[in-house]
Structure formats: C-alpha cells, structure tokens
Amino acid sequence: MSRVWIRNDERLTDNELLGYLEQYTGKIYVGGDSQHFQRGCKHVQVLACKMYPGVTYWYSEEYVDMQYDNPDRRIQKEIFDTIKLAEKFQQKLPHREFEVHFDVNPNEGNLSNKFASMATSVAQGYGWSVALKPQSFAASGAADWHSKRY
C-alpha cells in the first residue's frame, strides 16, 4: 500500500516522492516517531534531504486505534517501521546513501535507552549510518513534531 507523503500543502504518493528523490544526489534521512492520544496512537514517518538553506522533508501519518500495553512495544514499532521504510526506498534508490534516525536516547536512565544498541546494530547491518538523540533530527525533530499534532 502506498503512503501519502505531505509537505506543506503538497500530497505525494510513494512513486511521486521517489521521482523527486531520484533527482536529489545527497544523503537521504529516514526517521519516525509516535504519540499516544486518547483514541489511539499516531505514527509518523519522515524522509528528509539537506538542501540549502536547511532541510526539506516529507512526512506520512498512520493512526492506530489501539493503546499499547507498554511503551516498549510502541518504541519497537517506531524502530522497525523506520527500518522497513529505509529498506523500501533504498531498494528503489540503490546508489543513494541513507542515514536512519531513531527517536532513541542512548543515555542510561531513559526509557528508550535499552533499544539504542539493537536499533543501531540492525541499521548498521544494512550498511546505513545511524543517528540517535539528540542528533536524530528526522525522528526527534520532524517526526516528533508531527506526531504530537492530532
């Protein structure tokens, strides 16, 4: 199923976004985040490119009519959705460099800390570079901001 990618007032399909990304020669950043709401959970995925004077990104939203029984399951879904998305676009853009961003804090004492090593290892297994908080702007910046808007 194709996602709808949003940037400002523009709506693109996967293939339309792919056409745009084919023209871009730089690194592609992939990230995701989610947020609980009273009626369920909103998951957001982001594809971003650094372009002068900043970053251009597209986001896609998915609403799930469920509450996760613990935050670990929600964080795991964020991580694996991000990996699946990066894999999907890398298959179509095999000569592009990808960097995967996770909304995971590597510092002890944070809930997401226990996933830092696993997320990093899986992404590096694909050959991607990885960014965790606070450097993970696609996840902890763009996706985080959109996940909190209901």
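**Close-up views of a predicted model**

**View 1. D72 pairs with K114.** The side chains of D72 and K114 form a polar contact at 2.9 Å. This model is predicted. D72 sits in helix α2. Leaving aside residues up to four places away in sequence, D72 touches L111, K114 and F115. K114 therefore appears twice for D72, as a polar partner and as one of the residues touched, given that contact means heavy atoms within 4.5 Å.

**View 2. Helix α1 has a buried side and an exposed side.** Helix α1 covers residues 14-23, and D14, L17, L18 and L21 are buried in it. Why do the buried residues of α1 line one face of the helix? Seen down the axis of α1, they fall within an arc of 105°, so they line one face. N15 and Q23, on the other side of α1, are exposed. What covers the buried residues of α1? The cover includes the strands β1 (5-7), β2 (10-12), β3 (28-37), β4 (40-51) and β5 (54-64). Helix α2 (71-92) is also included in that cover.

**View 3. N8 has a positive phi.** N8 is found in the loop between β1 and β2. Its phi is near 55°, a positive value in a residue other than glycine. Is N8 buried or exposed? N8 counts as exposed, because its relative accessibility is 63% and the cut-off for exposed is over 50%.

**View 4. Strand β3 pairs with β4 and with β6.** β3 is mostly covered, with 8 of its 10 residues buried. In which sense does β3 pair with β4? The pairing is antiparallel, over 10 bridges. The two strands form a hairpin, and 2 residues lie between them. Y29 has A48 in β4 as its bridge partner. With β6, the sense is parallel and there are 5 bridges. G31 stands opposite H101 in β6.

**View 5. Strands β4 and β5 form a hairpin.** β4 and β5 run antiparallel, joined by 11 bridges. How many residues does the hairpin from β4 to β5 pass through? The hairpin joins the two strands through 2 residues. K50 has V55 in β5 as its bridge partner. In a regular strand, side chains alternate between the two faces of the sheet.

**View 6. C41 and C49 are buried, and the structure has 0 disulfides.** C41 has a relative accessible area of 2%, so C41 is buried. C49 has a relative accessible area of 0%, so C49 is buried too. Buried here means under 20%. How many disulfides does the structure hold? The count is 0.

**View 7. The largest nonpolar core holds 28 residues.** Which of its residues touch the most other members? They are L21, L47, F89 and F102. Several elements each supply at least two residues of this core: α1, β3, β4, α2, β6 (98-102) and α3 (116-125). α2 gives the most, with 6 residues. A second, separate core has 9 residues. Y29, Y59, A142 and A143 are among them.

**View 8. F102 touches residues from I79 to A139 along the sequence.** Residues up to four places away in sequence are not counted here. Among the residues F102 touches are I79, T82 and I83. A119 and A123 are also on the list. So are V130, A131, L132 and K133. S136 and A139 complete the set. F102 is one of the residues that touch the most other members of the largest nonpolar core.

**View 9. A cis peptide bond joins K133 and P134.** What is omega for this bond? Omega is about 0°. P134 is found in the loop between β7 (129-131) and α4 (137-147). K133, on the other side of the bond, is one of the residues that F102 touches.

**View 10. W145 is partly exposed in helix α4.** W145 lies in helix α4. W145 counts as partly exposed because its relative accessibility is 45%. How many residues apart along the chain are W145 and S34? They are 111 residues apart, and their C-alpha atoms are separated by 9.7 Å.

Conventions: Residues are numbered from 1 along each chain as its sequence is written. This is a predicted model: local features need pLDDT of at least 70, side-chain atom pairs count only at pLDDT 80 or more; totals for chains, interfaces and linings use all residues. Side-chain values use heavy atoms; hydrogens and water are left out. Buried means under 20% relative accessible area, exposed over 50%, partly exposed in between (1.4 Å probe, protein chains only). Helices (H or I, at least four residues) and strands (E, at least two) are DSSP runs, numbered from the N terminus. The arc is that of the directions from the helix axis to the C-beta atoms. A polar contact is a pair of N or O atoms within 3.5 Å; within protein, one must be able to donate a hydrogen and the other to accept it, and residues adjacent in sequence count only if both atoms are side-chain atoms. Two strands pair if DSSP finds at least two bridges between them. A disulfide is a pair of cysteine sulfur atoms within 2.5 Å. A nonpolar core is a set of buried Ala, Val, Leu, Ile, Met, Phe, Trp, Tyr and Cys residues joined through side-chain atoms within 4.5 Å.
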